[in-house]
Structures are given as structure tokens and as C-alpha cells.
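Hi there,

Here is the structure I promised to pass on. Have a look at it first, then read my notes below.

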Amino acid sequence: MASALDIYVGTHFVGSTGGTQLIRRIAASHHGSTDVLDRLVREIDYDRRKLSDIMKKLDITPSRTAVLGAWLGGQVAGLQLTDRVFGRTPLTALTELEAMLLGVEGKAALWRALRLLAKEDDRLDSAELDYLLSLAEGQIAALEAMRSEVAVAVLREG
């Protein structure tokens, strides 16, 4: 039977599958991708790889079914049902940025929780977790700045 730690970390890994797809979709849909989005794509890919490394150290195996489900969900989520049936609307950018922001805030909570556990578990590297948390905090700031800009533009249009 899986422990609470297995389930918690495994769930975050599954979420990271959708998150990497989502940030790539956001960057691809932003015509003429920006340096900020390029950085976010690289960092979020890096975070997922580091989480995979941490899972190996903790002897946690992600559920292939759950990861596949997240991947498929990410593919379906890219198709937004609107009055245009399927496709992007001005509101799509806002909802994608908000979903990404929520995911990164969750990831920051994971790093903080593991940082606390690192005090008792030498398989976890406190310095590495501090670095990952600082990356997440920078990602949150960047995503919030973009979200705010898009929210004003989209909601002003009506």
C-alpha cells in the first residue's frame, strides 16, 4: 500500500505532466514567444526532471496510468469548447495563465513540504529544495505579471 508521501509526491508528478504541456501551449500560442515564456518552459521542464530525480531517491514510482491520463487530459484541455465550437478565444489565454499559476503555486507548496521533511530525511537535499522553491517563486511572479496584463486586455474588451 502506498504511503501518504508516495501519493502526495506522485500526484504532484502527475500534475507536472499537465503543467509542462500547458506552459508549452501558452508559449506556442503567444505569437513571437517572449524570453520570459522561453525561460518558463525551460524551468518547468527542469522542475519536472528534478521531481523525477527526487522520486527515485524516495523510491516512489509514478502511476503510468495516472501520468497517461494527465497527458491525455492536457491534450483535451487544449481544445476549449466555446461559441466557436473548438478553438482559441481571447479568454483562453487568461484561463490558461490562471491554471498555470495555480499549478506553480501548488508546486511551490510541494517544495516547501519536502523542505520540512528534509530535516528528518537525508534522501532530500535542503539546498536543492530551496533552489527549486526560489525558481517556483520567480515563476509565480512572472505568470502573475502576464496574467494581470492579459486579464485587463481581455476583460476590458468584454
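The accessible surface of the protein comes to about 9,100 Å², and carbon and sulfur atoms hold 60% of that. Keep in mind as you read that this is a predicted model. Of the 158 residues in the protein, 39% are buried.

**The overall layout**

You should be able to pick out five helices and two strands. Starting from the N terminus, the order is α-α-α-β-β-α-α. Try following the chain with that order in mind. If you take the contacts in the protein with a separation of 6 or more, 77% of them are between residues 24 or more positions apart.

The helix I spent time on is α5, which has 32 residues. From its first C-alpha to its last it reaches 46 Å, close to the 46 Å expected at 1.5 Å a residue. Its N-terminal end is capped by Asp125, where a side-chain oxygen sits 2.9 Å from the backbone nitrogen of Ala127.

**The core**

In soluble globular proteins, nonpolar side chains tend to be buried together. Here the largest nonpolar core has 34 residues. Which of them touch the most other members? They are Ile23, Ile54, Met100, Trp111, Leu114, Leu129 and Leu143. As for where the core comes from, α1 (4-29), α2 (35-57), α4 (90-118) and α5 (126-157) each supply at least two of its residues.

Ile54 is a good one to click on. Skip its neighbours within four places in sequence, and you find Ile54 in contact with Trp111, Leu114, Leu124, Glu128, Leu129 and Leu132.

**An aromatic pair**

There is one aromatic pair to look for. The ring centres of Tyr46 and Tyr131 are 6.4 Å apart and the ring planes meet at 85 degrees, so this pair counts as edge-to-face. Because Tyr46 is in helix α2 and Tyr131 is in helix α5, the pair ties together parts that are 85 residues apart in sequence. Are these two buried or exposed? Tyr46 counts as partly exposed, at 27% relative accessibility, and Tyr131 also counts as partly exposed, at 43%.

**Along helix α1**

Three residues in this helix are worth a visit. Thr17 belongs to helix α1, and with a relative accessible area of 5% it is buried. Thr20 is in helix α1 too, and it is buried at 6%. The side chain of Thr20 reaches the backbone oxygen of Thr17 at 2.9 Å. An α-helix has 3.6 residues a turn, so residues three or four places apart point the same way.

Now look across from there. Not counting residues up to four places away in sequence, Thr20 touches Ile44, Asp45 and Arg48. Thr17 also has Asp45 across from it in space: their C-alpha atoms are 9.3 Å apart, with their positions 28 residues apart in sequence.

Gly18 is the third stop in helix α1. Gly18 is partly exposed, with a relative accessible area of 22%. The cut-off for buried is under 20%, so Gly18 does not count as buried. From Gly18 to Gly103 the C-alpha distance is 9.1 Å, although the two are 85 residues apart in sequence.

**Back to helix α5**

Val150 lies in this helix. Leaving out residues up to four places away in sequence, Val150 touches Ala93, Leu94 and Leu97. The C-alpha atoms of Val150 and Thr95 are separated by 9.8 Å, and these two are 55 residues apart along the chain.

Ala153 lies in helix α5 as well. Its relative accessible area is 37%, so it is partly exposed. The C-alpha atoms of Ala153 and Leu91 are separated by 9.8 Å, with the two residues 62 apart along the chain.

**One oddity in a loop**

Last, find Asp59 in the loop between α2 and α3 (64-77). Asp59 has a positive phi of about 60 degrees although it is not a glycine. Is it buried or exposed? With 64% relative accessibility, Asp59 counts as exposed.

Have fun turning it around on screen!

Definitions and conventions
Residues are numbered from 1 along each chain as its sequence is written. This is a predicted model: local features need pLDDT of at least 70, side-chain atom pairs count only at pLDDT 80 or more; totals for chains, interfaces and linings use all residues. Side-chain values use heavy atoms; hydrogens and water are left out. A nonpolar core is a set of buried Ala, Val, Leu, Ile, Met, Phe, Trp, Tyr and Cys residues joined through side-chain atoms within 4.5 Å. Buried means under 20% relative accessible area, exposed over 50%, partly exposed in between (1.4 Å probe, protein chains only). Helices (H or I, at least four residues) and strands (E, at least two) are DSSP runs, numbered from the N terminus. Contact means heavy atoms within 4.5 Å. Accessible areas come from the Shrake-Rupley method with a 1.4 Å probe; for residues, only the protein chains shown count as cover. Rings of Phe, Tyr and Trp (its six-membered ring) pair if their centres lie within 6.5 Å; planes under 30 degrees apart count as stacked, over 60 as edge-to-face and the rest as tilted. The expected span of a helix is 1.5 Å times one less than its number of residues. A polar contact is a pair of N or O atoms within 3.5 Å; within protein, one must be able to donate a hydrogen and the other to accept it, and residues adjacent in sequence count only if both atoms are side-chain atoms.
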